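I opened a fresh notebook page for this one. My plan is to go from the whole fold down to a few residues, so feel free to follow along.

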Amino acid sequence: MSDEYRPLYKWRETWPGEGHQDFSGFDGEQSFGRIQLDQTSHGKMGMWKWNATNVPLVRERIVPHSGWEATSREACRRVEEHYGKLNALHRR
């Protein structure tokens, strides 16, 4: 049994067909976050940048809403956990 995180939501290429390591997370049609392989930041190159995107009707923000992880799966986990906290806070 693998300890690798299994995403709960659908992840799609942000720029389909362009070959970037850049993905957006969706809950149905609602986008809630993004992960991308960092290839430019000094000291972070090769890590996965994650960030929560704007979700409609969110009245209160939670921090941190971005950061870096060593793998794409861990970056997905961070975004999905953040989205779950937003949903709980706003009783969705």
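**Entry 1: a term, and Arg73.** Before listing any neighbours, I note that a contact here means heavy atoms within 4.5 Å. I also note that I am working with a predicted model. With that cut-off, I looked up Arg73 and found contacts with Glu4, Tyr5, Arg6 and Pro7, once neighbours within four places in sequence are left aside. Arg73 sits in helix 1, which covers residues 72-89. Its side chain comes to 2.9 Å from the backbone oxygen of Tyr5. Is Arg73 buried or exposed? I read a relative accessible area of 30% for Arg73, and since buried means under 20% and exposed over 50%, this residue is partly exposed. I also checked a distance across the model: the C-alpha atoms of Arg73 and Gly19 are 18 Å apart, with their positions 54 residues apart along the chain.

**Entry 2: the whole chain.** Next I stepped back to the fold. I counted one helix and five strands, and from the N terminus the order reads β-β-β-β-β-α. The radius of gyration is 13 Å, close to the 12 Å that the globule rule gives for 92 residues, so the protein is as compact as a globular protein of that length. I fitted a box along the principal axes, and the C-alpha atoms fill roughly 35 × 30 × 25 Å.

I then asked how much of the chain is covered. Of the 92 residues, 28% count as buried. The exposed surface comes to about 6400 Å², with 51% of it supplied by carbon and sulfur atoms. Among contacts with a separation of 6 or more, 37% are between residues 24 or more positions apart. For charges, I have 14 positive and 13 negative ones, and their mean positions lie 6 Å apart.

**Entry 3: Ser24.** Now to a single strand residue. Ser24 belongs to strand 2, residues 22-27. Why do I log Ser24 as buried? Its relative accessible area is 10%, and the cut-off for buried is under 20%, so Ser24 qualifies. Beyond the residues up to four places away in sequence, Ser24 touches Lys10, Trp11, Arg12, Thr14, Ser31, Gly33 and Arg34. One of these stood out for me: the side chains of Ser24 and Thr14 make a polar contact at 2.9 Å.

**Entry 4: Thr14.** I followed that contact to its partner. Thr14 is in the loop between strand 1 (10-13) and strand 2. Thr14 has 21% relative accessibility, so I put it down as partly exposed. Which residues does Thr14 touch, not counting those up to four places away in sequence? I get Asp22, Phe23, Ser24 and Arg34. With Asp22 there is a side-chain to side-chain polar contact of 2.8 Å. For a longer distance, I took Thr14 and Thr71: they are 57 residues apart in sequence, and their C-alpha atoms are 18 Å apart in space.

**Entry 5: a peptide bond.** Last, I went through the backbone. The bond joining Val63 and Pro64 is cis, with omega at about 0°. Pro64 falls in the loop between strand 4 (48-52) and strand 5 (66-69).

Terms used. Residues are numbered from 1 along each chain as its sequence is written. This is a predicted model: local features need pLDDT of at least 70, side-chain atom pairs count only at pLDDT 80 or more; totals for chains, interfaces and linings use all residues. Side-chain values use heavy atoms; hydrogens and water are left out. Helices (H or I, at least four residues) and strands (E, at least two) are DSSP runs, numbered from the N terminus. Buried means under 20% relative accessible area, exposed over 50%, partly exposed in between (1.4 Å probe, protein chains only). A polar contact is a pair of N or O atoms within 3.5 Å; within protein, one must be able to donate a hydrogen and the other to accept it, and residues adjacent in sequence count only if both atoms are side-chain atoms. The radius of gyration is taken over C-alpha atoms; the globule rule is 2.2 Å times the number of residues to the power 0.38. Accessible areas come from the Shrake-Rupley method with a 1.4 Å probe; for residues, only the protein chains shown count as cover. Lys and Arg count as positive and Asp and Glu as negative; His and the chain ends are not counted. The place of a charge is taken as NZ of Lys, CZ of Arg, CG of Asp or CD of Glu.
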